[in-house]
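Colleague: I would like to learn how to read a structure like this one. Could you take me through some features, general idea before particular case?

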Amino acid sequence: MTLTCFVPLFFLSLIAGCAARPLYPLPSKLSNKNRQPIQTLRPYNIAHRGSNGEIPEETAAAYMRAIEEGTDFIETDILSSKDGVLICFHDVTLDETTDVTKHKEFANRKRTYEVQGVNTTGFFTVDFTLEELKKLRVKQRYIFRDQQYNGKFPIITFEEFISIALDAPRVVGIYPEIKNPVFINQRVKWPDGKRFEDKFVETLKKYGYRGSYMSKDWLKQPVFIQSFAPTSLVYVSNLTDSPKILLIDDVTIPTQDTNQSYWEITSDDYLDFIKEYVVGIGPWKDTVVPVKDNYLQTPTDLVARAHAHNLQVHPYTYRDENLFLHFNFHQDPYQEYDFWLNKIGVDGLFTDFTGSLHNFQQWTSPLSQNNSSDEGRASKLLDKIALLISSYKNG
Amino acid sequence: MTLTYFVPFLFMSLIAGCAARPFYPLPSKISNENRQPIQTSRPYNIAHRGSNGEIPEETAAAYMRAIEEGADFIETDILSSKDGVLICFHDVTLDETTDVTKHKEFANRKRTYEVQGVNTTGFFTVDFTLEELKQLRVNQRYIFRDQQYNGKFPIITFEEFISIALDAPRVVGIYPEIKNPVFINQRVKWPDGKRFEDKFVETLNKYGYRGSYMSKDWLKQPVFIQSFAPTSLAYISNLTDSPKIFLIDDVTIPTQDTNQSYWEITSDDYLDFIKQYVVGIGPWKDTVVPVKDNYLQTPTDLVARAHAHDLQVHPYTYRDENLFLHFNFHQDPYQEYDYWLNKIGVDGLFTDFTGSLHNFQDWTSPLTGKNSSDKSSASKMLDKIALLISSYKIG
């Protein structure tokens, strides 16, 4: 008897349970209007592949850690899976930063392809579907960094990356790269004749990224689109007015799509041309200030000329480990930040160590709205004094 | 004719030249009364072997660089030459940090002695006269540090070290160690039955180092005498009231003179005993907070107990290179400073990177009065106040 009553009741409660509204809405469902806006008063802290000094690169955990540590932008490299899903991953091959070699079921996927003129052998992302990629686990690229998270985190998609930014407790920008577009477009075909760049912009638009640099729309959802391939940047210019950055590789590497040399793409004429499409450049830092025997040489005039063309400069990449620090900095990563921000005067830094850069900036150039203590104290003091002397008012 | 007059004239001018007073007196001859005093409001920045992250250890250049970078104390290890001259040098052997192996004339000086229970082979300082030591040149100990000063600087004496401190443009303390006294007293004999410790204190007395911690005399010429050997510290207590620091080695190393274990000399009973002779302890940092697999474990209670016995704590040694940084600090040396100064709460740090520690302290806990921006905003405030009250002027 009780059972006959129990079963419908049970069913009823299930339905009620599934339809109930959660008491605590998920972060991305909250109104975003009162989030702390992005800072634009001092050079940008760009979390290069997330806080990968601490956590394996391009994972959700690395990005969330970077947001926690105060980054302005989380940066990522967009490649594609075999089935055309845009993923966050730096290398075209999976060997260096995943456990792919431990997966016996993928053992026969090893290939050799030409990538930017170099024959490369390995397990390529473009030969794995998203479902297969999700079986892999990411590991720390550098042996001298913390290994404790190896094998814990999966590869994430572009959309998952975007939701991390949108879910942040304050406004955090995204800085995705159209990575190896020549190679991707050779290996992956999308329906309706769409290209890699089309899918890239589609994804941004789907999540509401729009507006030119410093526009109201942009400040709500800041973004920089970066690429080493000028034709990709020109192409997406027709699709979105989001600000773009031209990345510039070492002096020996020509552009993958137009085969132009470093010297050509950093000439005044070229900067005149490219400034129609980009708001800045992202050069390899050792070309901005050349290095010999691990000592800095005289800086080039690239920053001055870029600034003269109204182009920002966001060099890459800054790392705390002394093997990456030139002797002028005495193994002190903060000296390197000081040199680049205060002597060379760039507009943003790609760093593997979000926390260190944030510390440096907070300690030496705190944001005035954050440092409410000084101004607040001063005005409180003035109020007290005004009160004190009001009793001595004439009359 | 002219020549007869010229020669005496030449002689006269030579004598006058030798007896003339220099227009610009040497720094140590200037009155020291107006020098910026030593800071005592925040933990001490102790330049361990000078700024040896940048310049080979224990050289004049390394010490002068440390003073330039803001050290509160310059630290050194005192050993002896064959002829009993006290020198600044860390190792009992010359092999690691000098070019002694390049000097063919000393090739036959290699010896094997027992040092603190370990058979050690090499070229010992106690087998070279000062004149011979002065022919050597110092090298950077670590291969991953700047090598450009190798072979440029000589070993300096204790007296030369002291004059570097006294000649500094502000008050800089010295922090000399009575190093390997058991070994030195075995190998070197001084006249009149004097011991190593006697000559050590004699040198300090000669240059006017006196007075207990924080006394007027001490503030003019700050000094800490450090040693791993408690009997040496007890012995010199009868010779000087300058403050002393008891150094504590790793948990496996017994004291060289009394053969006591780490656990014994860090016990409450021992701290009760030693506090009559010393004002603080200098422990190896990885015993204060143990380490496993390059991660910090739970801190011990050593700092709390030391402080309870009114003893300062000056741990050693802090280095910027990531190979020396535990993973909790994410390869950021400033995180390590933050942890030790703000979480553990020690009273001084022995660091190879004076500049980095100085930056950290200056940026996060600036000395009041030194921060000129504070002064200027304060005077602006006063101006505003004057304006406020001017309207209430009587009459």
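Modeller: Start with accessibility: A:K134 is partly exposed, with a relative accessible area of 27%. Buried means under 20% relative accessible area, exposed over 50%, and partly exposed in between, with a 1.4 Å probe and protein chains only. This is a predicted model, in which local features need pLDDT of at least 70 and side-chain atom pairs count only at pLDDT 80 or more, while totals for chains, interfaces and linings use all residues. Residues are numbered from 1 along each chain as its sequence is written, chains are lettered from A and ligands numbered from 1 in the order in which they are written, and side-chain values use heavy atoms, with hydrogens and water left out.

Colleague: Which side chain meets that of A:K134 in a salt bridge?

Modeller: Side chains of opposite charge can pair when their charged atoms come close. The rule asks for a side-chain nitrogen of Lys or Arg within 4 Å of a carboxyl oxygen of Asp or Glu. A:K134 pairs in this way with A:E160, at 2.9 Å from N to O. A:E160 belongs to helix α4 (residues 158-166) of chain A and A:K134 to the loop between α3 (130-133) and α4, so the pair ties together parts that are 26 residues apart in sequence. Helices here are DSSP runs of H or I with at least four residues, strands are runs of E with at least two, and both are numbered from the N terminus. A:E160 is also partly exposed, at 32%.

Colleague: What does A:P154 contact, leaving aside neighbours within four places in sequence?

Modeller: Contact means heavy atoms within 4.5 Å. A:P154 is in contact with A:T59, A:K134, A:L136, A:R137 and A:V138. A:P154 sits in the loop between α3 and α4 of chain A and is partly exposed at 28%. From A:P154 to A:L133 is 21 residues in sequence and 8.1 Å in space, C-alpha to C-alpha.

Colleague: Are A:R145 and its partner buried or exposed?

Modeller: A:R145 counts as buried, at 0% relative accessibility, and A:E321 likewise has 0%. Their side chains form a salt bridge of 2.7 Å, N to O. A:R145 lies in the loop between α3 and α4, A:E321 in the loop between β12 (312-313) and α13, so the pair ties together parts that are 176 residues apart in sequence.

Colleague: And in chain B, what does B:E321 form a salt bridge with?

Modeller: B:E321 pairs with B:R145, the closest N and O atoms being 2.8 Å apart. Both residues are buried. Back in chain A, salt bridges that share partners join A:R49, A:E57, A:D91 and A:R141 into one network. Over all chains, 43 salt bridges are found.

Colleague: How should I read a helix such as α13 of chain A?

Modeller: An α-helix has 3.6 residues a turn, so residues three or four places apart point the same way. The expected span is 1.5 Å times one less than the number of residues. α13 (residues 333-344) of chain A has twelve residues and reaches 16 Å from its first C-alpha to its last, close to the 16 Å expected. Its buried residues are A:P333, A:Y334, A:E336, A:Y337, A:F339, A:W340, A:L341 and A:I344. At its start, a side-chain oxygen of A:D332 comes within 2.9 Å of the backbone nitrogen of A:Y334. After α13(A) comes A:G345, with a positive phi near 75°.

Colleague: Where does B:K285 lie, and what is its polar contact?

Modeller: A polar contact is a pair of N or O atoms within 3.5 Å; within protein, one must be able to donate a hydrogen and the other to accept it, and residues adjacent in sequence count only if both atoms are side-chain atoms. B:K285 lies in helix α11 (residues 285-288) of chain B, and its side chain makes such a contact with that of B:E336 at 3.0 Å. B:K285 is buried, at 3%.

Colleague: How much area do chain B and chain A bury between them?

Modeller: The size of an interface is often given as the accessible area lost when the parts come together. Buried area is that loss with a 1.4 Å probe, summed over both parts. Chain B and chain A bury about 2800 Å², 57% of it on carbon and sulfur atoms. The interface has 15 residue pairs in polar contact and zero salt bridges. The contact takes 33 residues from chain B and 34 residues from chain A.

Notes: Buried area is the accessible area (1.4 Å probe) that two parts lose on being put together, summed over both.
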